[in-house]
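Here are my notes on the model you sent, set out as numbered points. Please read them with the sequence and the coordinates open beside you.

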Amino acid sequence: MDFNKENDTIAQRVSAMNNRVQNIQENDLYYYNQPISELLGGSRVLVNGREMGMYASYSYLGLVGHPRINEAAKAAIDKYGTGTHGVRLLAGSLVIHEELEETIAEFKKAEAAVTYSSGYATNLTVISTLLGRGDYVICDKLNHASIVDGCLMSGAKFLRFKHNDMEALENRLNAIPSGATTLVIADSVFSMDGDIIDFPKMVELCNKYNAWLMIDEAHSVGVLGNKGTGIEEHFGLEGTIDIKMGTLSKTIPSVGGYVAGKRELIEYFKHASRAYIFSAALPPAQAAAAKAAFEVILDEPWRVEKLNKNTHQFISGIKERGFDTLYTETAIVPIICGSDENAYTMTQIAQKRGSFVLPVVSPAVPPGLARLRATITAAHESEDINKAMEDIEIAGKQVGII
Ligand SMILES: *Cc1c(COP(=O)(O)O)cnc(C)c1O
């Protein structure tokens with residue numbers, strides 16, 4: 001294959017991306033795809049032979065490596081082996097899958113739940129199984145890529161509204177032909193910005209316009225609510241989401257995704273969603289780890305408390321140093337750098353000083369809003385957080401944004 005061929009669009013795409021990557025690498029500003037060689041306990045990792053404080057992890061409650069969760073995974077391997085016998089509908093369903101789904105349903109205060117082998121696949125399959133041509137789907141502009149892809153795949157008419165603007169959502173709902181089926185979807189906590197959806201207003205609008213409501217809780221399980229059960233608990237609005245989607249790969253230190261809701265709905269997914277019928281079941285170790293993790297969240301409430309305390313320390317400290325953190329209220333903290341180059345340079349400085357943060361640049365975020373995206377967890381200690389803030393401050397001063 002010749003990747004410099006002029007009129008071949010595949011070759012053009014491949015070489016455009018590779019040139020961009022190579023350019024960043026040549027300037028020693030490339031910090032993606034770095035393999036972690038060891039977990040050093042708490043929030044420290046070994047990367048390229050160097051110990052660093054981890055500020056890019058989604059393990060919000062510090063559950064990755066938790067002894068009880070590791071033990072559950074090991075016991076499941078001894079009992080079931082490392083794989084399944086196929087897809088869930090046929091021979092792939094294990095007792096541990098059913099136990100996990102019951103645990104999730106209880107945790108999310110839903111009648112039932114179903115799991116899939118990735119969160120990404122969950123959004124694709126759930127949205128495209130619910131909707132078809134002639135239906136409408138309305139998304140917040142900053143919804144996760146997996147939601148966008150699910151909407152496109154469904155064939156429904158796809159509308160978007162200005163980020164977290166409930167007037168804009170109402171305008172969209174108003175414009176839908178009467179009698180058309182409508183699904184409204186939003187992230188609970190936005191993955192690039194860390195802000196929380198105006199959930200009470202969204203629930204009110206969905207009721208008013210008779211629309212279904214789906215919320216992606218990837219970043220709110222373990223994070224929102226006193227017990228860490230998510231956005232309904234946070235706002236005291238239990239039982240208001242029709243389709244409660246989440247992942248098993250963030251606070252829950254496993255892999256996979258789930259959807260919880262009314263029993264009839266879950267039964268429908270178990271017979272109609274293609275990721276359930278045509279993709280292998282979760283491996284037993286990962287299912288057992290996920291089940292144990294939901295239990296640990298409820299049994300160790302100090303973790304949610306500590307996460308809140310750490311998040312508050314970090315956001316207020318970063319703001320005091322003169323950085324813009326947009327509207328975050330959660331463990332995801334965007335630190336606006338301006339240009340992509342500033343974000344790369346600040347990452348380089350912070351990582352050389354021992355704080356593992358990562359840059360988010362366009363097209364993942366709008367041009368000019370490139371950022372470091374730091375994440376805080378319950379595994380950090382107050383002194384660690386001070387050290388990370390100091391490293392970020394030095395980086396910010398060096399590029400001249402504070
Ligand atoms: C991470 C994420 C997903 C995908 O989950 P995976 O388990 O990583 O496939 C879906 N939605 C949101 C909002 C996410 O942040």
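**Notes on the ligand site, the domains and the backbone**

1. I begin with the ligand, one oxygen atom of which is placed 3.1 Å from a polar backbone atom of Gly119. Since this is a predicted model, that distance, like the others below, is a property of the prediction.

2. Two side chains also make polar approaches to the ligand: a polar side-chain atom of Asp216 is 2.6 Å from a nitrogen atom of the ligand, while a polar side-chain atom of His219 is found 2.7 Å from an oxygen atom of the ligand. The ligand on its own would expose 380 Å², and 86% of that area is buried by the protein.

3. The surroundings of the ligand comprise 15 residues, of which Tyr120, Asp216, His219, Ser249 and Lys250 come nearest. By class, this shell divides into ten polar, three charged and two nonpolar residues. Which helix gives the largest share of the shell around the ligand? That helix is α5, spanning residues 119–130, with a contribution of three residues.

4. As for the overall division of the protein chain, the domain assignment places 26–55 together with 301–399 in domain 1, and 70–299 in domain 2. The C-alpha centres of domain 1 and domain 2 are 28 Å apart.

5. Where the two domains meet, 17 residues of domain 1 are in contact with 20 residues of domain 2. The area buried between domain 1 and domain 2 comes to about 1300 Å², and carbon and sulfur atoms account for 61% of it.

6. Two details of the backbone deserve a look, given that most peptide bonds are trans and most residues other than glycine have a negative phi. The peptide bond joining Ser362 and Pro363 is cis, with omega about 5 degrees, and Pro363 sits in the loop between β13 (358–360) and β14 (370–375).

7. The second detail is Asn48, which is not a glycine and yet has a positive phi of about 50 degrees. Asn48 is located in the loop that runs between β2 (44–47) and β3 (50–54).

Technical notes: Residues numbered from 1 in each chain as written. Predicted model: local features only at pLDDT ≥ 70, side-chain atom pairs only at ≥ 80, totals over all residues. Heavy atoms only, no water. Near = heavy atom within 4 Å. Polar contact = N/O pair within 3.5 Å; in protein donor to acceptor, adjacent residues only side chain to side chain. Areas by Shrake-Rupley, 256 points an atom, 1.4 Å probe, with all protein chains shown as cover. Helix = DSSP H or I, 4+ residues; strand = E, 2+ residues; numbered from the N terminus. Nonpolar A, V, L, I, M, F, W, Y, C, P; charged D, E, K, R; others polar. Domains from an automatic or database assignment. Contact = heavy atoms within 4.5 Å. Buried area = accessible area lost by both parts, 1.4 Å probe.
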